[in-house]
Amino acid sequence: MQYPATHLVVMGVAGSGKSTLAAALSQQLGWACAEADEFHPEANITKMSQGIPLQDGDRWPWLEEIRSWMTAQAAAGKSTVLTCSALKRGYRELLAGAEGRVIFLHLDGGADLISQRMQGRVGHFMPPTLLPSQLATLEPLSQEELDAGSLRLDISRSPEELVAAVVQALNLPSGQAPTAS
């Protein structure tokens with residue numbers, strides 16, 4: 001059976017575990033993996049490093065680069081796993097315009113747990129002081145997005161449990177990437 005390229009966008013606020021889950025899913029599924037942070041222009045990284053929240057004007061070109069990467073991967077017949085905060089529905093709608101099937105995996109959890117995780121990170125440019133602005137910006141997945149196949153995942157579960165839940169819920173073939181149609 002032929003499947004279109006699938007893009008799993010692991011989303012949520014900083015510190016929710018996006019990189020950990022994306023790496024585990026990529027390894028389990030054998031799919032290409034990318035960190036949205038790699039697509040940020042230097043000006044965005046500088047702002048965040050200084051504790052300055054990004055504005056929509058900073059985010060749109062970044063999101064368009066991510067969507068272009070996803071489309072290029074789909075054109076090459078590759079499914080992907082990608083980390084991206086995708087905090088607003090409008091951002092997700094832009095990303096969903098990539099070629100292939102785009103599924104959002106929202107890592108959802110309490111601010112206290114996320115703050116603890118952020119304080120334990122070493123070498124990341126996003127300071128814990130930006131967590132409140134991220135939580136204020138976050139628009140959780142709508143019922144329509146959930147009905148379309150996206151998932152809300154509880155970050156208190158282990159990465160292994162989350163990978164198993166995603167693979168089962170989406171009926172993904174472990175270790176075998178779908179081919180482009």
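**Salt bridges and the second largest pocket**

Lys-47 has a relative accessibility of 28% and therefore counts as partly exposed, since that class runs between 20% and 50%. The model described here is predicted. Within this model, Lys-47 pairs with Asp-58 in a salt bridge. The closest N and O atoms of the two residues are 3.0 Å apart. Lys-47 belongs to helix H2, residues 42–49, and Asp-58 to helix H3, residues 56–75. The pair links distant parts of the chain, 11 residues apart. Asp-58 has a relative accessibility of 15%, so this residue counts as buried. The cut-off for that class is under 20%.

The salt bridge count comes to 5. Another of these joins Asp-56 and Lys-88 through their side chains, with an N to O distance of 3.3 Å. Asp-56 lies in helix H3, whereas Lys-88 sits in the loop between strand S3 (80–83) and H4. The partners are 32 residues apart, and here too distant parts of the chain are linked. Asp-56 is partly exposed, at 28% relative accessibility. Lys-88 is also partly exposed, with a relative accessible area of 24%.

A further salt bridge connects Arg-92 with Glu-145. Their closest N and O atoms are 2.7 Å apart. Arg-92 is in helix H4 and Glu-145 is in helix H7, so the pair ties together parts that are 53 residues apart in sequence. Both residues are buried. In addition, a network of salt bridges links Arg-89, Glu-93 and Glu-144.

Attention turns next to the second largest pocket. Its volume is about 150 Å³. Its lining consists of Arg-89, Arg-92, Glu-93, Ala-96, Val-102, Phe-104, Glu-144, Glu-145, Ala-148 and Ser-150. Helix H4 (89–95), strand S4 (101–108) and helix H7 (143–147) are the elements that give two or more residues to this lining. H4 gives the most, with 3 residues. By class, 5 lining residues are charged, 4 are nonpolar and 1 is polar.

The pocket and the salt bridges share residues. Arg-92 and Glu-145 both line the pocket and form a salt bridge with each other. Arg-89, Glu-93 and Glu-144 also line the pocket, and these residues make up the salt bridge network.

Notes:
Residues are numbered from 1 along each chain as its sequence is written. This is a predicted model: local features need pLDDT of at least 70, side-chain atom pairs count only at pLDDT 80 or more; totals for chains, interfaces and linings use all residues. Side-chain values use heavy atoms; hydrogens and water are left out. On a 1 Å grid over the protein atoms alone, a cavity is a set of points where a 1.4 Å probe fits but cannot get out, and a pocket is an open set with protein on both sides within 12 Å along at least five of seven lines; lining residues have an atom within 4 Å of a point. Grid points are joined across faces, edges and corners, and a volume is the space filled by probe spheres set on the points. Helices (H or I, at least four residues) and strands (E, at least two) are DSSP runs, numbered from the N terminus. Ala, Val, Leu, Ile, Met, Phe, Trp, Tyr, Cys and Pro count as nonpolar, Asp, Glu, Lys and Arg as charged, and the others, Gly among them, as polar. A salt bridge is a side-chain nitrogen of Lys or Arg within 4 Å of a carboxyl oxygen of Asp or Glu. Buried means under 20% relative accessible area, exposed over 50%, partly exposed in between (1.4 Å probe, protein chains only).
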